[in-house]
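The exercises below are meant to be worked through with the sequence and the model open side by side. Each one sets a task and is followed by a solution in steps.

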Amino acid sequence: MPDDMVEAHINGVRNALAAGWRVLERGGPALDAVEEAVVIMEDDDTFDAGRGSFLNRDGKVQLDALIMDGATLRAGGVGCVERVRNPVRAARKILSESPHVYFVAEGAERFAAEHGVELCRNEDLVVEREVKRLREYQVRQGKAGPDGAASGPAQDGNDLFAPAISHDTVGAVALDNEGNIAAATSTGGTLNKAPGRLGDSSLIGCGCYADNLSAAVSTTGWGEPIMKLVLAKWTADRVAAGNLPEWAAQEAMNYLKQRLKGHGGIIVLNALGQIGIAHSTPRMAWACKTMKNEEAGVEREVL
């Protein structure tokens, strides 16, 4: 997160927080709250979700999202969609209106369209900032074509996954008046990713998880290590064992680093309204609101 993007991140998470809180304030379910919060961030090209996402190696936006209901363990996820402006909307339709849990690529887009989610052109999701970012990255790696367009083999260096390279996956967790919790995560993945690459964000238990008996969890960061550790479920299990979400969040970041030298960020919420926020990157934008207070920031203690 560059210095000149800090304010945009703060504004983005505050706007998302306000949207989710409006749902809870009128007695709506946590599931609706996390959906609405994530939609705000998908529509904000500050973040790596929806419009403004990182581009893959071919210069396209490919999006993944998951939403999960802690009361029923129902979930909906989409992966590698290219024509859905708000993938969390499509994920919610899967949760609510399909016996299945997960759709990918063209099948996910077809399901979304059949269930009232308007499709868009992939070009509508691309912003000039990311075209420039991809071109510069590929030039540095010596993998750009003669016109500077996206080309070259899949990334293989640690530079792409360094903590200083922005990931900016978005997520939300919420607790409603009925005592139910929910989580949602949405992402455009990593810069210069191979077409068809799927990260942790939309996989149950990896980048997103919710169970009233443990916790609602959303993660951001380097997806491959997070997937290997099934980190969201690992964290929720620590809460189920009686640990506070704040401890579980910090331990998750420690575990990620110690076991696989990974890095990222995590938000955790249990059915008692206890919150955990931790990250092992230089910065992470976050915001939280309870009946008592509201907070937002881009930096907490880095582990």
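**Exercise 1. The hairpin of S8 and S9**

Which residue stands opposite His 279 in S9? Identify this residue in the predicted model, and then describe how the strands S8 and S9 are connected and how far S9 is enclosed.

Solution. Begin with the pairing: S8 and S9 run antiparallel and are joined by five bridges. Within this pairing, the residue that stands opposite His 279 is Gly 265. Next, follow the chain from one strand to the other: the two strands form a hairpin with five residues between them, and Gly 273 in the turn has a positive phi of about 85 degrees. Finally, consider burial: four of the five residues of S9 (residues 275-279) are buried, so this strand is largely enclosed by the rest of the structure.

**Exercise 2. The five-stranded sheet**

Determine the order of the strands in the open sheet, and explain why S3 and S4 each have one side left without a neighbour in the sheet.

Solution. The sheet is open, is made of five strands with mixed pairing, and has the order S3-S2-S1-S5-S4. Strand S3 (102-104) and S4 stand at the edges, where each has a single partner strand, and therefore one side of each lacks a neighbour in the sheet. Averaged over neighbouring strands and with direction ignored, the turn of one strand against the next is 5 degrees.

**Exercise 3. Strand S5 and its two partners**

Describe how S5 is joined to S1 and to S4, and decide whether the residues of S5 are buried or exposed.

Solution. Take S1 (residues 63-69) as the starting partner: it runs antiparallel to S5 and is joined to it by six bridges. Asp 64 has Thr 187 of S5 as its bridge partner, while Asp 69 stands opposite Ala 182 in S5. Now turn to S4, which is likewise antiparallel to S5 and is joined to it by six bridges, with Val 170 standing opposite Ser 186 in S5. S4 and S5 form a hairpin with five residues between them, and in the turn Gly 179 has a positive phi of about 85 degrees.

For burial, first sort the side chains by direction. In a regular strand the side chains alternate between the two faces of the sheet. Ile 181, Ala 183, Thr 185 and Thr 187 point one way from S5, whereas Ala 182, Ala 184 and Ser 186 point the other way, and all are buried. Seven of the seven residues of S5 are thus buried, so the strand is largely enclosed by the rest of the structure.

**Exercise 4. The nonpolar cores**

Which residues have the most contacts inside the largest nonpolar core, and which element gives the most residues to this core?

Solution. The largest nonpolar core has 30 residues, and Val 34 and Ile 67 are those with the most contacts inside it. Two or more residues come from each of helix H1 (6-25), helix H2 (30-42), helix H3 (87-97), strand S4 (170-175) and strand S5 (181-187). H2 gives the most, with eight residues. The surroundings of Ile 67 can then be followed: beyond four places in sequence, its contacts include Leu 31, Val 34, Val 88, Ala 91, Leu 95, Ala 183 and Ala 184. Another core, of 26 residues, lies apart from the largest one, and among its members are Ala 215, Leu 229, Trp 234 and Ala 278.

**Exercise 5. Aromatic pairs and helix H7**

How many aromatic pairs does the structure hold, and why does each count as stacked?

Solution. There are two aromatic pairs. In one, the ring centres of Phe 103 and Phe 111 are 4.7 Å apart and the planes stand at 25 degrees, so the pair is stacked; both residues are buried. In the other, the rings of Trp 234 and Tyr 255 have centres 4.4 Å apart and planes at 15 degrees, so this pair is stacked as well. The latter pair links distant parts of the chain, since Trp 234 belongs to helix H7 (residues 231-240) and Tyr 255, 21 residues apart from it, to helix H8 (residues 245-260).

Burial should then be checked residue by residue: Trp 234 is buried, with a relative accessible area of 14%, and Tyr 255 is partly exposed, with a relative accessible area of 21%. The buried residues of H7 also include Leu 231, Ala 232 and Val 239.

Notes
Residues are numbered from 1 along each chain as its sequence is written. This is a predicted model: local features need pLDDT of at least 70, side-chain atom pairs count only at pLDDT 80 or more; totals for chains, interfaces and linings use all residues. Side-chain values use heavy atoms; hydrogens and water are left out. A nonpolar core is a set of buried Ala, Val, Leu, Ile, Met, Phe, Trp, Tyr and Cys residues joined through side-chain atoms within 4.5 Å. Buried means under 20% relative accessible area, exposed over 50%, partly exposed in between (1.4 Å probe, protein chains only). Contact means heavy atoms within 4.5 Å. Two strands pair if DSSP finds at least two bridges between them. Axes are lines fitted to C-alpha atoms, for helices over the stretch in contact, and angles run from 0 to 180 degrees between N-to-C directions. Rings of Phe, Tyr and Trp (its six-membered ring) pair if their centres lie within 6.5 Å; planes under 30 degrees apart count as stacked, over 60 as edge-to-face and the rest as tilted.
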